[in-house]
Amino acid sequence: MESAATQAPLAPPNGRPYNPVVTLNGWSLPWRMNNGVKEFHLVAEPVVRELAPGMKANMWGYNGQSPGPTIEVVEGDRVRIFVTNKLPEHTSIHWHGQRLPNGMDGVTGLTQPPIPVGKTFVYEFVARRPGTFMYHPHADEMTQMAMGMMGFWVTHPRDPNFMRVDRDFVFLMSAFDIDPGSFTRGVNTMLDFNLWTFNSRVFPGIDTMNVRQGDRVRIRAGNLTMTNHPLHLHGHEFVVTGTDGGWTPPASRWPEVTADIAVGQMRALEFDATDLGDWAFHCHKSHHTMNAMGHDVPTMIGVDHRGVAAKIGKLIPDYMVMGERGMADMGEMEMPLPDNTLPMMSGDGPFGSVEMGGMFTVVKVRREQKPGDYSDPGWYQHPPGTVAYEWKGEIARPARSSSAGGQAMPRAQPTPDVEVQVRKPSGHAGHH
Amino acid sequence: MESAATQAPLAPPNGRPYNPVVTLNGWSLPWRMNNGVKEFHLVAEPVVRELAPGMKANMWGYNGQSPGPTIEVVEGDRVRIFVTNKLPEHTSIHWHGQRLPNGMDGVTGLTQPPIPVGKTFVYEFVARRPGTFMYHPHADEMTQMAMGMMGFWVTHPRDPNFMRVDRDFVFLMSAFDIDPGSFTRGVNTMLDFNLWTFNSRVFPGIDTMNVRQGDRVRIRAGNLTMTNHPLHLHGHEFVVTGTDGGWTPPASRWPEVTADIAVGQMRALEFDATDLGDWAFHCHKSHHTMNAMGHDVPTMIGVDHRGVAAKIGKLIPDYMVMGERGMADMGEMEMPLPDNTLPMMSGDGPFGSVEMGGMFTVVKVRREQKPGDYSDPGWYQHPPGTVAYEWKGEIARPARSSSAGGQAMPRAQPTPDVEVQVRKPSGHAGHH
Amino acid sequence: MESAATQAPLAPPNGRPYNPVVTLNGWSLPWRMNNGVKEFHLVAEPVVRELAPGMKANMWGYNGQSPGPTIEVVEGDRVRIFVTNKLPEHTSIHWHGQRLPNGMDGVTGLTQPPIPVGKTFVYEFVARRPGTFMYHPHADEMTQMAMGMMGFWVTHPRDPNFMRVDRDFVFLMSAFDIDPGSFTRGVNTMLDFNLWTFNSRVFPGIDTMNVRQGDRVRIRAGNLTMTNHPLHLHGHEFVVTGTDGGWTPPASRWPEVTADIAVGQMRALEFDATDLGDWAFHCHKSHHTMNAMGHDVPTMIGVDHRGVAAKIGKLIPDYMVMGERGMADMGEMEMPLPDNTLPMMSGDGPFGSVEMGGMFTVVKVRREQKPGDYSDPGWYQHPPGTVAYEWKGEIARPARSSSAGGQAMPRAQPTPDVEVQVRKPSGHAGHH
């Protein structure tokens, strides 16, 4: 995380004004105005993407990257997109969520012929509805989306002050199944993925979201994996203000700290960045904040490995005799990893290993982060006395309950047929 | 998809009037009025269901089909259902979502004894609450629901004009795990299903939903698989107007293009069919719009198969050396499939293979589709110039950004530790 | 289920008043007032938890139990929590959903150093926001949460009448992967769990929720597994009144009978217990209401096992030749199970085996259940004539449709390419 600075987004060079979004580890696609039409050019092609320092993967994407660049237009813009196919098979693009002529919807076979290898097709429509969209193939979907083909699309409102926010971050979620030491994913995997990404990047390779205290912050995310991702923000509640179907009525919104984003769904999460600090933002499924390697390791907890190490050594290399005390060592040890493999838990914070991977990043709220400044301010400097600290004194004993019947606390009498493992608090009180 | 015409739903022959629903690839159960009580008869029994032309499966269902017939009653109706058990094991029926006497709730062991093999039981209650329901066994659930035992239930409102719509389609989602060449599913599968269905049918065997431009359309779906299904509609936004718990307050609704339906949940999706065309409607999980065969195929992308074909040939038949350029060939090639097996991607559209399977169908919006006409109007005839088309000219170069600091577009300087694979747009501009 | 009585919750012995919650198969943690600060002591340590009578498991938890005790405080309380680490590896605690100083957020490496083995750390903050929270490690998360480390936290509102309910039940959901005959789970399992729990207990070992007719009932649940759990209530509709982010606006609520709770999410479900009876409450994924053993059993439905029994006997013990008629036998048969293994479907109700396991319990609504009385009232006594019953008479034939065109019911003419297996109702009518 040392210096993955986020640059300021690009202001529109022509056309109508808007407040640009920031694409995590990405960029927005430039256009050309041609007789009042905004012209874009997407090139579908194989790419190499660095997932995080230390690991690259073969993917398919657009314009040299997976995901492709973000497209930003303004409500009412007439848009013309040239799509050149440099993949080894045919493709098409579906403009997910858009209102458009049926023949521009991009469903191979149903609304258009596929774009053959080496050819360029033209899509043209008016961006009728402002909001949050994405684009992806609708041809050999299982393979092409699995390989990383997708991109964000934002149609800004005609009135730049409509639902204006101070920071507007966007990313897509994708999943890969790449064996340690390998570069190419299994495209037919349905469930057992081992790399869970924001914009085809994993922690510690994901940009942090750096904001100013008091900012209204919007985070827009879309999901193109095979399972739901519950995005969890620390230290602040948010509301879902929009979907790929439009903006949500204010009266309909629920305060949340975890928003479940289903496959094919997009959500705009908004909150006021009131509290200073480095606040974790991640998928709450614990395997999705790990990198590869974790899922096939046998459980060694409670096992005295001295007797079995020899046997296990025949199955997995010596450095894998791990985990008899848990897995936290994985984030710390110097293991001879296979080439092109990330440790399963990594990323150094100001207090040591963060023991995370995958879909994890940090929202940094600072007093001094100026409008338009997206650079990384470094780690938060905690005011004295506000960090959890070691206690070396005695710990006093809890009070007894005043409840009727003289019942001790905690519940002294487990019901006869339900053996509740109760540790009496008095058993702790005197020992520390 | 050629001619899977949908018939008009059946008008109620007696009892109070209602606006009947259309069950995809199904039908509604007739009843008998007996002293003011609506009497239905369900027969639980093994059935054979055609998943799509070319593949049949052994299932369990009701009255000769999986799912069983739809039950339609009117709010306030007293209902008596005879359930005859012709399965090889005992069963029961739970009336999911209904208000009823506890002893009519259908939970084997808890609220009633099981219905033994060969016996008939009677359930009787008043349909107190209008809305969207389903029925399924609550006995050996894992097996019986996995085998296809389920059915839709609609309780129409007393006032036929309450939340009236022009078209009201219903279906249930189920999943099967049937090996290619086999007829019977594995009932203990928890995750690795390979056939994902609407009403036990897969694309191209699923009825299309054919409506008139301007119609208010309701699609009610329930999920009895083991995972969420995000149903995605192209070209239109919708709202969720109801659940199996009741109707949603209008102020609470979010505009959506993808509704995630959890297991055991039912949702009524509504939209105005404003835009003409053939609009895809499908689960957005890419593996759920594929048929069997796909999931175990090894990735060949980027591999020169000439050297390895011999080795692979020992593991899988020759015609499976596929996918070195992607998987789109799968929808096109003439492969000698095992008997009783569907191609993984199939269904011909007006522009060739749609490359889909599973939970996929089409909403056809036509100017000329009369009220009450549910027949298939054929493929959409696109107005000239509204279909994505091949471009053979030059593609002009994007403008440069006017943003401060002379920053080139796209971002010229990837941050040092984040290698962004940037393809310069100028690199494309001149080559096509 | 025989006598797993629920005791009354503990009234606060000091500090400000509140309406205590009831933790299923658990208890609330006592505290000590120290100069106006509520002091709690959590001890992270290995524990043994009985999942249900007949099976124990090695877990990690707090204060002798998994999940740890519930923490109950009042909005505005200053809270100090001592956390002693008796695990074999370092740990930390994240106070999920709380507003607090960044350094008290509990993210190892990012906001604090880990708590070393044998040490005690102090967390201190003001409970600023009333609502529904949880605590769990943010160190080696995959292992520590998988091993059962988690606990509930309720911050009661300052005004005890704010959103007051008559009964307030809380629990967390977790999943384990324990082979039959084993005591310790595989911590790296991502998907294939076989024990799905409420508060680390499975049916029939889960407390029932016993309420009085007319009570306003709240059930608060949080999910720390790896997948969504759709919680389904029989016989009543409910609304979601709160999340871990706060209380939902009344206008925003949907009536539901099944609420999907995503990983890392918490939900407060509320309903009026209007209808007497024993109402099932469970996850609607059918494999999540089974205990271990089920998932790897091969399908024998429709197979005459006499010929293959010998072959199968080589793979699995003789008593596993089951299921040729379905799986309901599993809940009934006297099988020689491995030690420390629960039957996959079990739990006796008043009408025999309930054929359930895992995430299943019962809401018992009784006229006579007094305020504050949480004891098990036994099985519901159904009024005469309100239980589904066997029918031995004839079953009359349904009426014919009055619909135009003379169309028979059910649909007499399956469309030519869609073979609908229609069993004519007249075919049933005369046979029973």
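Strands β20 (residues 277-283) and β23 (residues 360-366) of chain A run antiparallel and are joined by six bridges. If you would like a place to put your finger on this pairing, go to Ala280(A), whose bridge partner in β23(A) is Val362(A). Keep in mind as you look around that this is a predicted model.

Now step back to the sheet that holds this pair. Five strands of chain A make up an open sheet with mixed pairing, and reading across it gives the order β13-β23-β20-β15-β18. At its edges stand β13 (209-212) and β18 of chain A, each of which pairs on one side only. From neighbour to neighbour, the strands of this sheet are turned by 20 degrees on average, with direction ignored.

Chain B offers another open sheet to explore. Here four strands follow the order β5-β10-β9-β7, and the pairing is again mixed. β5 (71-74) and β7 (94-96) of chain B each have a single partner strand, so one side of each edge strand is left without a neighbour in the sheet. The twist in this sheet averages 25 degrees from one strand to the next. For a close look at one edge, follow β7(B), which pairs with β9 (residues 131-136) of chain B in the antiparallel sense over three bridges. Within that pairing, Trp95(B) has Tyr135(B) of β9(B) as its bridge partner.

Let's move on to the largest cavity. Its volume is about 790 Å³. The lining counts 33 residues, and those nearest the centre are Trp254(A), Trp254(B), Trp254(C), Arg267(B) and Arg267(C). Strand β18 (258-261) gives two or more residues to this lining in each of chains A, B and C. You have already met β18 of chain A as an edge strand of the five-stranded sheet. Which element gives the largest share of the lining? That is β18(B), with four residues. By character, the lining residues divide into 13 nonpolar, 11 polar and nine charged.

Finally, a word on confidence. The model scores ipTM 0.86 and pTM 0.88. In chain A the mean pLDDT is 83, and 76% of the residues reach 70 or more. Two stretches of that chain deserve a note of their own. Over residues 303-323 of chain A the pLDDT stays under 50, and the model gives this stretch 22 contacts beyond four places in sequence. Residues 400-432 of chain A also have a pLDDT below 50, and for them the model has 76 contacts beyond near neighbours in sequence.

Methods:
Residues numbered from 1 in each chain as written. Chains lettered and ligands numbered in written order. Predicted model: local features only at pLDDT ≥ 70, side-chain atom pairs only at ≥ 80, totals over all residues. Heavy atoms only, no water. 1 Å grid on protein atoms, 1.4 Å probe; cavity = no way out; pocket = protein on both sides within 12 Å on 5 of 7 lines; lining within 4 Å. Points joined across faces, edges and corners; volume = space filled by probe spheres on them. Nonpolar A, V, L, I, M, F, W, Y, C, P; charged D, E, K, R; others polar. pLDDT = per-residue confidence, 0-100. Contact = heavy atoms within 4.5 Å. Pairing = 2+ DSSP bridges. Axes fitted to C-alpha atoms, helices over the stretch in contact; angles between N-to-C directions.
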